[in-house]
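This briefing goes through one protein chain by topic, from overall make-up to single residues. Please keep the sequence and the 3D view open while reading.

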Amino acid sequence: MRPAAFITGITGMAVVAGLLMAGEARLGGGTASDETVSAEETATAPADAAPDAGEGAAISDDRAEVIARSVEPTAPPSPESGPAPSDGVAPKPTDAPQQAETPAGETARPATKKAVELARPMAENAGILSFGERRLQIAGIVPTPVDRICGPAGRQWPCGMMAKTALRLLLRNRSVSCDLETVEWKETVTTACRLGTEDLGSWLAENGWAEAAVGSPLTAAAEKARQAGKGLYGDDPRRN
């Protein structure tokens with residue numbers, strides 16, 4: 001083999017080897033560069049995506065707050081809480097005390113009396129009528145006891161019994177009309193009674209068969225009967 005041909009072959013092989021090495025180096029550099037770019041993109045990607053993730057979280061919080069407020073029980077506003085709800089109606093506590101129906105300071109009115117017809121009254125004395133076990137005292141006068149004695153010594157007479165008899169003769173078992181709250185009263189009640197249009201209290205005072213009660217409007221009539229010597233203030237009517 002000629003020396004020139006041998007050198008030429010060695011040189012060609014060296015060139016080929018150099019080209020192969022250069023290509024391999026270029027290929028290795030490109031891969032590293034690609035890996036570097038991928039790493040940089042991976043590192044920067046979360047930073048670039050962060051605003052989107054933040055916006056999504058903020059929207060969820062707002063919606064959650066709206067939902068929470070919509071299901072919260074309504075509470076009365078405090079002075080620092082600002083304006084009242086938009087509907088303007090304050091919640092009414094269920095345990096709020098009810099207002100009294102009767103205005104404060106007003107005195108309860110007594111039950112209204114009405115005229116009641118009572119049959120067959122019995123005169124216990126000149127001033128008290130009885131209806132079975134119930135008794136009624138005629139208003140405006142002081143009942144005259146049955147055992148009362150009138151007149152001076154030597155001329156005394158049973159004026160109390162005579163007063164009872166006078167009232168009994170006036171009634172003659174006829175019905176009377178009395179002002180009562182109820183017909184089912186108990187014990188003794190004091191009220192006005194009439195026989196037709198004749199007021200029994202006025203009749204007793206005007207005829208002197210009973211004295212007027214203190215402060216009674218019948219005081220003047222009773223005094224007039226005393227001055228005229230009627231009834232209790234006169235002589236024994238049995239001697240006339």
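The points below cover the chain as a whole, its open sheet, its disulfides and two individual sites.

The model is predicted. Four helices and 10 strands make up the secondary structure of the protein chain. Four of the strands form an open sheet with mixed pairing, and two disulfides are counted.

**Chain overview**

- Read from the N terminus, the order of elements in the protein chain is α-β-β-β-β-β-α-β-β-β-β-α-β-α.
- The protein chain has 240 residues, and 20% of them count as buried.
- Its exposed area is about 17500 Å², of which carbon and sulfur atoms supply 57%.
- Among contacts in the protein chain with a separation of 6 or more, 60% are between residues 24 or more positions apart.

**The open sheet**

- The strand order across the open sheet is β2-β3-β4-β7.
- Strands β2 (122–125) and β7 (188–191) are the edges, and each of them pairs on one side only.
- On average, neighbouring strands of this sheet are turned by 30° against each other, with direction ignored.
- Helix α2, residues 159–171, lies across β2 and β3 (128–131). The helix runs at about 165° to β2.

**Pairing from strand to strand**

- Three bridges join β2 and β3, which pair in the antiparallel sense. Within this pairing, Ala123 has Leu129 of β3 as its bridge partner.
- Two residues separate β2 from β3 in a hairpin, and Gly127 in the turn has a positive phi of about 150°.
- β3 and β4 also run antiparallel, joined by four bridges. Here Ser130 stands opposite Arg135 in β4.
- The β3 and β4 hairpin has two residues between the strands, and Gly132 in its turn has a positive phi of about 70°.
- Strand β4 (residues 134–138) runs parallel to β7, and four bridges join the two. Arg135 has Thr188 as its bridge partner in β7.
- Arg135 thus appears in two pairings: opposite Ser130 and with Thr188.

**The faces of β3**

- In a regular strand, side chains alternate between the two faces of the sheet.
- Which way do the residues of β3 point? Ile128 and Ser130 point one way, and Leu129 and Phe131 point the other way.
- All four of these residues, Ile128, Leu129, Ser130 and Phe131, are buried.

**Disulfides**

- With bonded cysteines counted along the chain, the disulfides follow the pattern 1-2, 3-4.
- One disulfide joins Cys150 to Cys159, with an S to S distance of 1.9 Å. Cys150 and Cys159 are both buried.
- The torsion about the S-S bond of Cys150 and Cys159 is about 65°, so this disulfide is right-handed.
- The other disulfide joins Cys178 to Cys193, with an S to S distance of 2.0 Å. This pair links distant parts of the chain, with Cys178 in strand β6 (residues 176–180) and Cys193 in strand β8 (residues 193–195), 15 residues apart.
- For Cys178 and Cys193 the torsion about the S-S bond is about 115°, so this disulfide is right-handed.
- Are Cys178 and Cys193 buried or exposed? Cys178 counts as buried because its relative accessibility is 0%, and Cys193 is buried with a relative accessible area of 1%.

**The Lys186 site**

- Lys186 is placed in the loop between β6 and β7.
- Lys186 counts as exposed because its relative accessibility is 70%, and the cut-off for exposed is over 50%.
- Lys186 and Glu133 are 53 residues apart in sequence, yet their C-alpha atoms are 8.4 Å apart in space.

**The Asp236 site**

- Where does Asp236 lie in the chain? Asp236 is in the segment after α4 (219–227).
- Asp236 has 4% relative accessibility and therefore counts as buried, since buried means under 20%.
- The side chains of Asp236 and Arg238 are joined by a polar contact of 2.9 Å.

Note on methods. Residues are numbered from 1 along each chain as its sequence is written. This is a predicted model: local features need pLDDT of at least 70, side-chain atom pairs count only at pLDDT 80 or more; totals for chains, interfaces and linings use all residues. Side-chain values use heavy atoms; hydrogens and water are left out. Two strands pair if DSSP finds at least two bridges between them. Axes are lines fitted to C-alpha atoms, for helices over the stretch in contact, and angles run from 0 to 180 degrees between N-to-C directions. Contact means heavy atoms within 4.5 Å. Buried means under 20% relative accessible area, exposed over 50%, partly exposed in between (1.4 Å probe, protein chains only). A polar contact is a pair of N or O atoms within 3.5 Å; within protein, one must be able to donate a hydrogen and the other to accept it, and residues adjacent in sequence count only if both atoms are side-chain atoms. A disulfide is a pair of cysteine sulfur atoms within 2.5 Å. Accessible areas come from the Shrake-Rupley method with a 1.4 Å probe; for residues, only the protein chains shown count as cover.
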